[in-house]
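This briefing is intended for use beside the sequence and the three-dimensional view. Please consult both while reading the points that follow.

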Amino acid sequence: MTPAARIAAAAEILDDILEGAPAEKALTGWARRSRFAGSKDRAAIRDHVFDALRCRRSFGLLGGAETGRALLLGQTIADGREPSDIFTGEGHAPAPLSPEEEALVARDPAQALSDAPRAVACDMPDWVWPMLDASLPGQAEEVARNLRHRAPVFLRVNLRKTDPARAIADLAEDGIVAEPHPLAETALILTEGARKVAQSGPYQDGHVELQDAASQAVVASLPLADGLRVLDYCAGGGGKTLAMAGRADAEFTAHDALPARMKDLPDRAARAGVQVNVTDRPDGPYDIVLCDVPCSGSGAWRRSPDGKWRLTEAGFADLLGTQSEILDLAALLVAPGGVLAYATCSVLAPENRDQVEAFLSRHPEWELTTDMQWLPTDGGDGFYLAQLTRSGVTS
Ligand SMILES: C[S@@+](CC[C@H](N)C(=O)[O-])C[C@H]1O[C@@H](n2cnc3c(N)ncnc32)[C@H](O)[C@@H]1O
C-alpha cells in the first residue's frame, strides 16, 4: 500500500470507531476484510488510527470536523506535511481537498490551536479538563500534552530468571535494543525492535514480560517479603501478580470479578517460573491485599486513547462507586498489621487521594501510611498507589 492509501484506510477505520466501534475491533475487522494489506501496512495504519485518536480534538479542529478524513487531514497539517501530496484521489489515496478543506490548510495551525479552548488544544474532553486541572495544579497542561503522544514500550526483567544486563544482551541478539529505565530496577525501555518482542527468546523463555514501567514501580513500592500471604484482588491478566511473584518467595493469590481475565495466568506463571494460585473466593487474612481497581485509565490514555473519549461522567461516577466497594470488601481480607494497597492507573484525584480519604472517613480505624503518584511525564503510565494499615496495629 502507498502511504496515502494507508491514510485512506485509517480514515475508514476511524469512521467506524467514531460511530462507536471499539478501536481494536475496528482495526481487526478492517484487516480481515483487507487481505491485501501486509504486516507493515497494518502497523502503519494502526499508528495513524491511534495517533489520530490521541489528538482527536486538535486534529478535528485543524481538519474541520471529527470524521476519519478530517482527523487525518488535521494530522497531516499538524505534522507539517503537504496535504495535497496525500489527498490526491489517485489510486487508493483519499479524495482531493475540497475548497473548504483548502481554506483550512491555508490557516496557521499554531494560531488556530492557540485560539482554541485549552481542552481542545490539549485533547481532553471538556468535562475532564477542570478535574485534571484541579488534580494536578500547574501540571495539567503538561500531562495532557504528554498524553497526546505514543507511550514508550517497556519490559519487566524477571529477576527469578535473569538480570537487567543479561536481558539487554539477550534481547540484542534478537535485534531488540533496550536500556535500563529509572522508574524501576526491573524496567527496560525499548528503543528499537519493539514489534519483535513476542517472538524473541528472552520473552518466550520468561526472562522478560511486557509491562509499563510505572506498574513495575507500583509493585516495587509494596512491602513484599518472603513467607507473606499476598492477594491481588483485581488481578485482571495478572501483570502485577507476576511482577510481585518475581520479587519475593511469598504465597500469591490472584482474584478478579471476571475470572476469565485470569485464564492465561497459570501458563504465564509457569513461563516465568513462579507459583500463583487463582481463586474466585479469597480466603483471608492476607498480609498484603493489592487492589489495582478499575478506573478511568486516564494515566494510560497514550496506550488506550479511545478510553479518553468513551469515558462519560455517568461512567466515571459508577467507577468511583465500584472503587469504594472494592476497598470496603478488600479491607476485610487484610490481616492485623497487614497492608491494604490501593492502586489506579489514573491521574484524577477523585479516584485517587479523594477515594482514599473517603475510605478513611468511613473506616477511622485505618490510616494512610504512604501514597505516591507517578505521572506520564515521568516516562511510564500515570499511576497512584496508597498503602493503608489499621491504626495502632503494627506488624
Ligand atoms: C485495572 S484492571 C487490573 C489490571 C491488573 N492488575 C494488571 O496489572 O494487569 C482492574 C480489574 O478489576 C476487575 N474488577 C472490576 N470490578 C471488580 C470487583 N468488584 N472485584 C474484583 N475485581 C474487579 C476487572 O475485571 C479488571 O480486571
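Helices (H or I, at least four residues) and strands (E, at least two) are DSSP runs, numbered from the N terminus. The model is predicted: local features need pLDDT of at least 70, side-chain atom pairs count only at pLDDT 80 or more, and totals for chains, interfaces and linings use all residues. Residues are numbered from 1 along each chain as its sequence is written.

**Surroundings of the ligand**

- Helices α15 (239-245) and α18 (313-331) each contribute at least two residues to the shell around the ligand.
- A residue is near the ligand if its C-beta atom, placed from the backbone, lies within 6 Å of it.
- Among the 16 residues around the ligand, those that come nearest are Cys234, Gly236, Gly239, Ala257 and Asp292.
- The shell comprises 7 nonpolar, 5 polar and 4 charged residues. In this classification, Ala, Val, Leu, Ile, Met, Phe, Trp, Tyr, Cys and Pro count as nonpolar, Asp, Glu, Lys and Arg as charged, and the others, Gly among them, as polar.

**Annotated aspartates**

- The UniProt annotation "binding site", from an unreviewed entry, covers Asp256, Asp280 and Asp292. UniProt positions are given in the numbering used here, feature names are shortened, and annotations may be inferred rather than shown by experiment.
- Asp256 is located in the loop between β6 (251-254) and α16 (265-272). Asp256 is buried because 21 other C-beta atoms lie within 10 Å; the term requires 20 or more other C-beta atoms within 10 Å of the residue's own, whereas 12 or fewer means exposed and values in between partly exposed, with C-beta atoms placed from the backbone.
- Apart from neighbours within four places in sequence, Asp256 is in contact with Cys234, Ala235, Gly236, Arg261 and Met262. Contact means that the C-beta atoms of two residues, placed from the backbone, lie within 7 Å.
- Asp292 belongs to strand β8 (residues 286-292) and counts as buried, with 25 C-beta neighbours inside 10 Å.
- When residues up to four places away in sequence are not counted, Asp292 touches Cys234, Lys240 and Ala343.

**Sheet and packing helix**

- An open sheet of 7 strands follows the order β7-β6-β5-β8-β9-β11-β10, with mixed pairing. Because β7 and β10 (366-374) stand at the edges with a single partner strand each, one side of each is left without a neighbour in the sheet.
- Two strands pair if DSSP finds at least two bridges between them. Strand β8 is joined to β9 (residues 334-344) by 6 bridges, and the two run parallel.
- Ile288 stands opposite Val339 in β9.
- Helix α14 (residues 213-220) lies across β9, β10 and β11 (383-390), at about 15 degrees to β11. Axes are lines fitted to C-alpha atoms, for helices over the stretch in contact, and angles run from 0 to 180 degrees between N-to-C directions.

**Backbone features**

- Gly284 and Pro285 are joined by a cis peptide bond, with omega about 0 degrees. Pro285 lies in the loop between β7 (277-278) and β8.
- Asp123 has a positive phi of about 55 degrees although it is not a glycine. Asp123 is placed in the loop between α9 (118-121) and α10 (128-135) and is buried, with 23 other C-beta atoms within 10 Å.

**Helix α4**

- Phe59 lies in helix α4 (residues 56-63) and counts as buried, having 26 C-beta neighbours inside 10 Å.
- Leaving aside neighbours within four places in sequence, the contacts of Phe59 are Ala52, Leu71, Gly74, Gln75 and Ala78.
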